[in-house]
Every structure is written in C-alpha cells, then in structure tokens.
Amino acid sequence: MTDLQDLLVKTSRTFAMSIPLLPEPTCSEVRLAYLLFRIADTFEDSTAWSRERRVQALERFIALLAAPNADEAQRLGRTWTEDPPVDHDGYLELLAEFPAVMAAFWELDDDARELVRDHTARTAEGMAGFVQRMDDDACLLLEDVDDLRRYCYVVAGIVGEMLTELFLLHSPALDDSAPFLRARARAFGEGLQLVNILKDSATDRVEGRRYLPKGVEREEIFALARGDLREAATYVQALQDGGAPRGVVEFCALPVLLAFATLERVEEEGPGAKISRPEVFSIAQAMTETLDTEQPLFPALRQNSSPTASS
C-alpha cells in the first residue's frame with residue numbers, strides 16, 4: 001500500500017512537517033490535496049515538456065478528477081514516468097504512484113472529495129491558461145500587478161479557499177466565523193505566494209520564469225505582500241478566536257509567522273535571502289508557547305477579527 005505521508009516527505013519537507021499538525025480527517029484530506037496540487041505544479045513547472053504537452057497533461061488530469069477510471073490512471077502514470085516532465089526524484093515517484101493517489105482521492109468522503117476536486121480542477125485549469133501564454137522559450141511574462149495577482153490566485157489563492165472550506169467542514173464552532181474567513185482566504189494564499197516569488201525571483205529568472213512584472217517597482221510588490229500577510233494574520237486570529245482545533249491554528253499560523261520574517265529579510269538583503277533554521281525554530285517555539293498560555297497570536301489584530309466584523 002502506498003504511503004502518502006512518505007510521498008509528502010519526498011515532495012515537500014515543509015508541508016510534511018506542518019500537515020500532520022492537523023486533526024483527522026482534515027489531515028488526510030489536506031495531505032491528499034497537497035499531492036494532487038503538486039502533480040499539477042509539476043506539469044506547469046516542467047522543464048522537459050513543450051507548452052502543448054504541459055497543457056495536455058493538465059487537461060487529462062482534470063478529466064480524471066471528474067470521472068474515476070483506474071485504467072486511465074494507470075496509463076497516465078506510466079506515460080508520464082516514461083517521458084518525465086522533470087528530473088526531481090520525489091516528483092517522479094509521485095507521478096509513478098499517481099494511480100494510488102487517485103484511488104485515495106476517490107475514497108474520500110463525498111463532501112471532502114467534491115471540495116478537493118473542484119478546487120484542484122480550478123487551479124489546474126488556471127495553470128493551463130498561464131502555460132498557454134508562455135513564449136517559444138517557455139518563459140511566462142506577467143504584464144502588471146493585476147496579472148500577478150491573477151497568477152497568485154490560481155496557484156495559491158484557490159488553495160487558501162479550499163483549506164478554508166475543509167476547516168469549516170469539520171469545525172462547526174467556526175460557523176459564525178465563516179464569512180470572515182472566506183473573505184480573507186484568497187489573501188492568505190496570495191501573501192504566502194508573493195513572499196516566495198520575491199524570495200526566489202533571481203532563481204526563477206534564470207530558469208525562465210519572471211513573475212515580477214516588468215516596470216513595476218519591487219516596493220509595490222513588497223507593499224502588496226505586507227497587506228496580504230496582515231489579512232492572513234487576521235484570518236489566523238479569527239481561527240483562534242472562533243474555536244478552531246489547535247492543529248488548524250498551528251498549521252495556518254506558522255507559515256504566516258515565517259512569511260513575515262522572510263519578507264523582512266528579503267527586503268533587507270535581496271532575493272535569495274532566507275531565515276535560518278535556528279530562527280525558524282525560535283518562531284515555532286514562540287508560537288507554541290503563546291498557544292500553550294491561550295494568548296492571542298496576533299493581539300493587535302484581534303479587534304478586527306471577530307465574526308461580526310465587517311468582511
């Protein structure tokens with residue numbers, strides 16, 4: 001039997017550490033959703049396939065999400081590994097295990113399966129649209145800030161929306177907070193994605209990706225990221241105040257706290273800068289201590305994060 005947690009470890013160390021914080025069944029649902037999103041990401045980021053081949057793979061992936069077919073899953077997994085899109089060992093193993101991942105997806109409870117399917121399909125469809133815009137050198141050029149935000153929504157904002165719906169599915173205590181959380185789910189994902197784009201901009205440019213629009217001052221993108229992270233912090237505070245399971249609060253809070261620290265470091269030192277492992281440990285420890293003492297994680301934002309606040 002395929003070990004999905006092992007696949008998670010081999011495709012993302014960060015999520016392999018954070019997803020197990022979630023309570024069940026949310027943990028299993030989010031783990032599986034991450035693997036599905038990672039498959040779509042692998043096609044979008046392919047360095048070996050043509051633009052047309054990437055779009056074709058995304059379209060076949062979407063079709064299979066909508067209509068279970070074990071034979072087709074086997075065929076696609078075999079096709080993708082015989083002519084691999086990337087040379088990352090973990091991603092290649094994930095593609096080889098595609099039939100097992102899809103089998104686990106089809107076994108999800110109906111409500112969770114529908115949420116994961118719809119959000120994954122929307123992301124894959126959006127990725128296909130951006131892949132089709134690549135030039136003959138497989139380079140994606142984003143036109144302006146609005147275009148950047150559309151891209152961030154496709155690859156991260158939709159993830160924030162999916163996570164929110166999965167949290168609400170299993171946490172009735174959050175019902176009153178639902179409108180507030182839904183209104184900020186997009187910014188939650190966008191902020192984290194913008195920090196990654198700013199941090200990795202030099203490497204991305206070398207590999208043929210330029211997510212920072214030409215002619216737009218970096219300060220404008222930093223300001224957008226800071227605003228999104230503030231919204232993400234109010235989202236986390238609303239989870240905490242609304243009675244979300246502690247694991248859900250931890251899962252959402254840690255990346256936001258790390259993103260604030262990373263954004264500051266990149267703004268000071270430039271692309272490629274990152275916080276050290278001891279700093280990560282210190283931030284995580286401080287978060288744990290705050291939750292242990294039942295203090296608010298973002299007290300300055302608490303007055304704006306009540307379920308009755310304007311969304």
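Gly77, Trp80 and Thr81 in helix α5 meet Leu92, Leu95 and Ala96 in helix α6. This contact is a convenient place to enter the structure, which is a predicted model. Helix α5 covers residues 70-82, and helix α6 covers residues 89-96. Two packed helices are described by the angle between their axes and the distance between the axes. For α5 and α6 the angle is about 150 degrees and the axes are 8 Å apart. The two helices are therefore roughly antiparallel to each other, since an angle over 145 degrees counts as such.

Helix α5 also packs against helix α4. The axes of α4 (residues 51-66) and α5 come within 11 Å and cross at roughly 160 degrees. That angle makes α4 roughly antiparallel to α5. The crossing of the two is left-handed. On the α4 side the contact is made by Arg53, Ala57, Arg60 and Leu64. On the α5 side the residues are Glu72, Ala73, Arg75, Leu76, Thr79 and Trp80. Trp80 thus appears in the contact with α4 and also in the one with α6.

Helix α4 has a further partner in helix α8, which spans residues 110-132. Here the helices pack at an angle of about 165 degrees, and their axes are 9 Å apart. Again the result is a roughly antiparallel pair, α4 against α8. This crossing, too, is left-handed. From α4 the contact draws on Arg51, Arg54, Val55, Leu58, Phe61, Ile62, Leu65 and Ala66. Among the residues that α8 contributes are Arg117, Thr120, Ala121, Ala124 and Met127.

Phe61 leads from this helix pair to the nonpolar core. Which residues touch the most other members of the largest nonpolar core? They are Phe61, Met102 and Val236, in a core of 103 residues. Helix α9, residues 145-170, gives the most to this core, with twelve residues. Met102 can be followed further: leaving aside neighbours within four places in sequence, Met102 is in contact with Leu36, Phe61, Leu64, Leu65 and Ala73. Of these contacts, Leu64 belongs to the α4 side of the α4 and α5 contact, and Ala73 to the α5 side. Leu65 and Phe61 are in the contact of α4 with α8.

Two single residues show how other helices are placed. Thr42 lies in helix α3, residues 26-44. Thr42 counts as buried because its relative accessible area is 1%, under the 20% limit. Apart from neighbours within four places in sequence, Thr42 is in contact with Pro85, Val86, Tyr91 and Leu95. Leu95 has already been met as part of the contact between α5 and α6. The other residue, Leu224, lies in helix α11, which runs over residues 218-242. With 18% relative accessibility, Leu224 is buried as well. Not counting residues up to four places away in sequence, Leu224 touches Val145, Arg149, Glu190 and Leu194. The C-alpha atoms of Leu224 and Val195 are separated by 9.9 Å, and the two residues are 29 apart along the chain.

How many disulfides does the structure hold? There are zero. For Cys139 the closest cysteine sulfur is in Cys152, 16 Å away, which is too far for a bond. Cys139 is buried, at a relative accessible area of 16%. Cys252 is in no disulfide either, and the nearest cysteine sulfur, that of Cys27, is 13 Å away. Cys252 is buried, with a relative accessibility of 0%.

Some features lie outside the helices. In the loop between α2 (13-18) and α3 sits Pro25. The peptide bond from Glu24 to Pro25 is cis, with omega near 5 degrees. Farther along, Ser276 is found in the loop between α12 (246-269) and α13. Ser276 has a relative accessible area of 31% and is therefore partly exposed. Ser276 and Thr120 are 156 residues apart in sequence, and their C-alpha atoms are 32 Å apart in space. Thr120 is one of the α8 residues in the contact with α4.

The segment after α13 (277-292) contains Glu294. Is Glu294 buried or exposed? Its relative accessible area is 70%, so Glu294 is exposed. Glu294 is not a glycine, yet it has a positive phi of about 60 degrees.

Notes:
Residues numbered from 1 in each chain as written. Predicted model: local features only at pLDDT ≥ 70, side-chain atom pairs only at ≥ 80, totals over all residues. Heavy atoms only, no water. Helix = DSSP H or I, 4+ residues; strand = E, 2+ residues; numbered from the N terminus. Buried < 20%, exposed > 50% of the residue type's maximum accessible area, 1.4 Å probe, protein only. Contact = heavy atoms within 4.5 Å. Core = buried A, V, L, I, M, F, W, Y, C linked by side-chain atoms within 4.5 Å. Disulfide = S-S within 2.5 Å. Axes fitted to C-alpha atoms, helices over the stretch in contact; angles between N-to-C directions. Parallel < 35°, antiparallel > 145°, perpendicular 65-115°, else oblique. Left-handed = near helix turned anticlockwise from the far one by under 90°.
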